[in-house]
Structure formats: structure tokens, C-alpha cells
Amino acid sequence: MSNEQFYHFEDDRSIPNNPRLPLIVYPGAFKENPESIEGAFNKNGWTNSWVDGVFDYHHYHSNTHEVLGVRSGSATIQFGGEQGKALQVSAGDVAVLPAGTGHKLLDSTDDFQVVGAYPGGAEPDKKLGKPEERPDVLEAILDAPLPEKDPVYGNDGPLLTNWT
């Protein structure tokens, strides 16, 4: 727990992002054992998990936070909408997205897979940044409950000290 990266993204009028909480990236958190990602997330209360890729269009979830752990391969993912940041991720890396954070796959290796999960097993909505979504999502983003545990480190970890 020393090389985490924090990113704040502004509302770009399409993708709202999160006005209070940063995206947190944990490079190499599961580098030694990427197959253990899903079990660790679930043990720490981040459930309703799935294994797949990332959509190749901007989207976000207004009602819940999300964790993505790279199980295999590597990719470039755009976080924060068109004005956001393209980050390289590879097997073992984890990104914790606060509610409202846009994400889109730009490119990936053929074997790229992520494990996704949500605090408390929340059922995520999927928003695309359409104007008609705006009034409801801004409030929903602020109302998304803070997780009880860090998805990687449990009762400790950067999420608990940086998301307040």
C-alpha cells in the first residue's frame, strides 16, 4: 500500500464523474496471483461480481461505486469521460471507481479480462451520458453509500482514508 494513484475528474456535462471522491488505482495489487481477485473482493463485501471485458463506449453507474480488477491481459481504459485520462492496466491491477466515474475501453490484448464487483452487492445502473439522465444522476451519485471495506485491503487501505 504505497503506490496507489488518485485521480479527480470534473463533470464534463456528459459524464458527471464524482465531485467528492477520487478514482483510486492500485497498480500490481494482485500481481502475484490475479486469479485471487474475485475472492478477495467478495471477502471484503464487494459482491455481485462478474468476469468479462469493459464496454468500448463511455458509461458510468450513478447508484453505486465499482471495482475493476484485471485478471488477465492488459488494456488502455479511458476514465473520466472524453476529457479524462487514458490509463494502461495489466494483470493484477485494480481500479476503484466512485459512482459517476466514466469508463471506456480504448484497446486491449485478446486475453484481457476484468473482475467487476460492487459494495454490498449493489445492482448497478448503466448510464451513457445522455442529457435526459442529468437531473436524477447528480443526486444519486452523492447518495451512493460509502463502502464499509476497501475491496483489496479490507478494514484498512487507501479507500477508507481517502473516501470520506
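Two strands count as paired if DSSP finds at least two bridges between them; strands are DSSP runs (E, at least two residues), numbered from the N terminus. This is a predicted model, where local features need pLDDT of at least 70 and side-chain atom pairs count only at pLDDT 80 or more, while totals for chains, interfaces and linings use all residues. Residues are numbered from 1 along each chain as its sequence is written, and side-chain values use heavy atoms, with hydrogens and water left out.

**Exercise 1. Find how β1 is joined to β2, then place β1 in its sheet.**

Start with the pair: β1 and β2 (residues 23–26) run antiparallel and are joined by three bridges. As one example, Tyr7 has Leu23 of β2 as its bridge partner. Next, widen the view: the open sheet has six strands, ordered β1-β2-β7-β4-β9-β3, with antiparallel pairing. β1 (5–7) and β3 are the edge strands with a single partner each, so one side of each lacks a neighbour in the sheet. From one strand to the next, the twist averages 20°.

**Exercise 2. Decide whether His58 is buried or exposed, and find its polar partner.**

First, locate His58 in the loop between β3 (46–52) and β4 (66–72). His58 is buried because its relative accessibility is 15%, and buried means under 20% (exposed is over 50%, partly exposed in between; 1.4 Å probe, protein chains only). Finally, the His58 side chain makes a polar contact with the side chain of Glu82 at 2.9 Å. Such a contact is a pair of N or O atoms within 3.5 Å; within protein, one must be able to donate a hydrogen and the other to accept it, and residues adjacent in sequence count only if both atoms are side-chain atoms.

Definitions and conventions
Helices (H or I, at least four residues) and strands (E, at least two) are DSSP runs, numbered from the N terminus. Axes are lines fitted to C-alpha atoms, for helices over the stretch in contact, and angles run from 0 to 180 degrees between N-to-C directions.
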